[in-house]
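Thanks for coming. I have one structure to go through today, so let me put it on the screen.

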Amino acid sequence: MKKILALILVLVLTLPVFAAMAEDTEYIFEAEYTELEGLEGLGVSGSPTGLGLVAENNKASNGYFVGNLGTASPITFQIVSDADAVATLKLVVGSNILGNCTWNPTTLNILVNDEAIDFNEFTTDNGDDPMDQNNFKTKKIGDINLKAGENTIVIVAGENTYRSNLPSAPSLDAIKLTTTAALEMIESEASHDELD
Ligand SMILES: [Ca+2]
């Protein structure tokens, strides 16, 4: 009987802990802290490369975003998870001054652990504020599977002709991941040295 009482006591005491562990946390990971070295973007005259893809914007999360992205500038988030888990992925994206663009698995590729994922079409547009033509918005992509350990989430231009007939991608401010797992991003030291 004592054993049963002790067991009940243990259960009563630990259940709220398990309940708390199962709660979702929303993480925000900044695009400007991904490893940008070696990436080549699209420019009006000459192509911005590496940290040259980062621009300031006071409406962007952390004050910076990456833009002028093309097929040679895949943005790679390296995310370490403490467990196998489902996470809801959202992108914080701007118009890249491209006007109204439609993004879907053809025009924009999102790869989770090297596999292209399917997602519902979304749009970006310059918006009404002439001072903020990036017009950043949060777009829900959907649920993705993370594995315990290191994961990669890559966002790269797909097949489109949005930038002077070349494939481009939206400006990328950050990603948001909502999950029960504990996540950390492996961040670029070069970006921190330059931006912090
Ligand atoms: Ca940002």
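I will cover strand pairing, then the core, then one loop residue. Please keep in mind that this is a predicted model.

Start with β4, residues 75-81. This strand runs antiparallel to β11, residues 149-157, and 7 bridges join the two. One bridge pair to look for is Ile-75 with Ile-155 of β11. β4 also pairs with β13, residues 183-185, again in the antiparallel sense, over 3 bridges. There, Ser-81 of β4 stands opposite Leu-183.

Next, the core. The largest nonpolar core has 39 residues, and those with the most contacts inside it are Val-66, Leu-69, Leu-172 and Ile-175. Strands that each supply at least two of its residues include β3, β4, β10, β11 and β12. The largest share, 5 residues, comes from β5. Take Ile-175 as an example: leaving aside neighbours within four places in sequence, its contacts are Phe-29, Phe-77, Leu-89, Lys-90, Leu-91 and Ile-153.

Last, the loop between β1 (25-30) and β2 (54-56), where Gly-50 lies. Is Gly-50 buried, exposed or partly exposed? Gly-50 has 18 C-beta neighbours inside 10 Å. A buried residue needs 20 or more, and an exposed one has 12 or fewer, so Gly-50 counts as partly exposed. Beyond four places in sequence, Gly-50 is in contact with Leu-36, Glu-37, Gly-38 and Leu-39. Glu-35 is 15 residues away from Gly-50 along the chain, and their C-alpha atoms are separated by 8.2 Å.

That is what I have for today.

How values were computed:
Residues numbered from 1 in each chain as written. Predicted model: local features only at pLDDT ≥ 70, side-chain atom pairs only at ≥ 80, totals over all residues. Pairing = 2+ DSSP bridges. Helix = DSSP H or I, 4+ residues; strand = E, 2+ residues; numbered from the N terminus. Core = buried A, V, L, I, M, F, W, Y, C linked by C-beta atoms within 7 Å. Contact = placed C-beta atoms within 7 Å.
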